[in-house]
Amino acid sequence: MNTHEQYRRCLVLAGGGFRFSYYLGVHAAAEDCGRRPDVLLASCGGAIAAAAIAALPDAGARRDWIAGSAMYAFLRSIRSTQRATPLRTLGAAGLRWLRRARSARIVDLQRDYLFELPAALPLPLPERVAPDAPALAIVGARLLYEPEQTGARRRTQPLFSEVVFGPQRVAALLDGSPAPAADPRWSAGAVDPVLRVELGIAPADAARISIADMFYFRSHEVAGRHYSGGVIDLLPIELAQRLAREVVMERKMPFNRWLALPALRAVFGIDGAARLQHVHAQHADTWVDTRDAKGMLRAQGIGKRIDWCHNRIGLDVPSTQDAYAAQVHAQWDYGYLKGMAAFAGCKR
């Protein structure tokens with residue numbers, strides 16, 4: 001096969017936080033409508049869903065795995081760090097909101113974070129790769145500075161590279177592509193303008209990198225290189241257009257103006273609102289409208305909670321396996337309905 005031939009259809013799995021199970025429902029709707037993607041472009045929590053789709057044979061097996069004991073145990077094992085005190089966390093977020101300079105100083109992503117993630121994701125390992133399994137392209141951010149440089153002024157040097165982890169065919173299609181996160185319409189120059197594609201990174205490592213969002217989780221190290229999360233580019237529509245002839249894209253809710261936008265500005269020097277507006281103005285063959293996800297799934301996801309007795313910010317993970325599985329099923333149902341609505345006219 002000509003490695004420069006575009007894929008037929010790309011599904012972008014754009015984040016989702018701890019509600020990533022809804023992407024499994026969107027993908028199931030695509031399959032039921034005869035619109036199965038042959039490449040998945042994923043970032044943050046979407047990378048976990050993408051890895052499950054690629055490894056497991058059908059929608060039921062994927063949902064059961066996400067709802068199962070291995071993922072539940074992984075989520076229950078996430079612990080708060082000593083830095084995750086309410087006053088310190090709220091104060092740091094307030095300072096980021098007040099400061100308007102974009103990526104003025106080099107942020108410490110190896111020590112300044114709230115939660116400890118286990119080193120490895122418990123992703124399913126297929127006995128064999130199915131011939132129709134989609135290719136994976138997972139977004140991350142590679143750090144271009146050393147730990148001892150944190151706190152210093154950035155000046156003009158780039159601090160991050162936007163990276164895609166994928167197979168050779170993905171690398172060939174993205175060769176020479178500019179990094180969407182570095183576009184001067186929303187970037188202040190902290191992201192290198194050249195996109196990097198890295199081969200040979202296992203899906204578990206790529207997904208683990210992609211979920212390592214700044215200030216939440218520590219940057220992840222692979223082969224002596226340090227990486228941060230796929231939040232550098234949650235909606236890489238330009239990359240999807242290069243990868244495939246048909247693009248299925250998510251229309252997402254605005255970034256949180258108090259937390260997400262200041263964090264993107266402080267770390268990556270990115271104006272997230274401008275980036276989102278630009279993406280929504282682009283062409284996609286199918287838009288999956290999840291702008292109401294936060295409201296519809298408010299009680300069906302893992303969120304932060306303040307434990308005043310122990311002076312910690314923690315994660316509100318369901319206390320039982322059954323309760324967690326119910327959340328996963330609710331998310332899956334939401335994604336399936338949204339997918340079916342997006343592929344209008346499809347009959348199951």
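This tour goes from the whole chain to one residue, Ile211.

The model is predicted: local features need pLDDT of at least 70, side-chain atom pairs count only at pLDDT 80 or more, and totals for chains, interfaces and linings use all residues. Residues are numbered from 1 along each chain as its sequence is written, and side-chain values use heavy atoms, without hydrogens and water.

**Select the whole chain.** Show it as a cartoon. Twelve helices and 14 strands appear; these are DSSP runs, numbered from the N terminus (helices: H or I, at least four residues; strands: E, at least two). The radius of gyration is 19 Å, close to the 20 Å that the globule rule gives for 348 residues, so the chain is as compact as a globular protein of that length. That radius is taken over C-alpha atoms, and the rule is 2.2 Å times the number of residues to the power 0.38. Along the principal axes, the C-alpha atoms fill a box of roughly 55 × 50 × 35 Å.

**Colour by burial.** Of the 348 residues, 55% count as buried. Buried means under 20% relative accessible area, exposed over 50%, and partly exposed in between (1.4 Å probe, protein chains only).

**Select Ile211.** Where does Ile211 sit? Look in the loop between helix 7 (203–210) and strand 8 (215–217). Ile211 is buried, with a relative accessible area of 11%.

**Add its partners.** Leaving aside neighbours within four places in sequence, Ile211 is in contact with Cys44, Gly45, Ile48, Leu117, Leu121 and Phe217. Contact means heavy atoms within 4.5 Å.

**Finish at Gly17.** Draw a C-alpha to C-alpha distance from Ile211 to Gly17: 8.3 Å in space, 194 residues apart in sequence.
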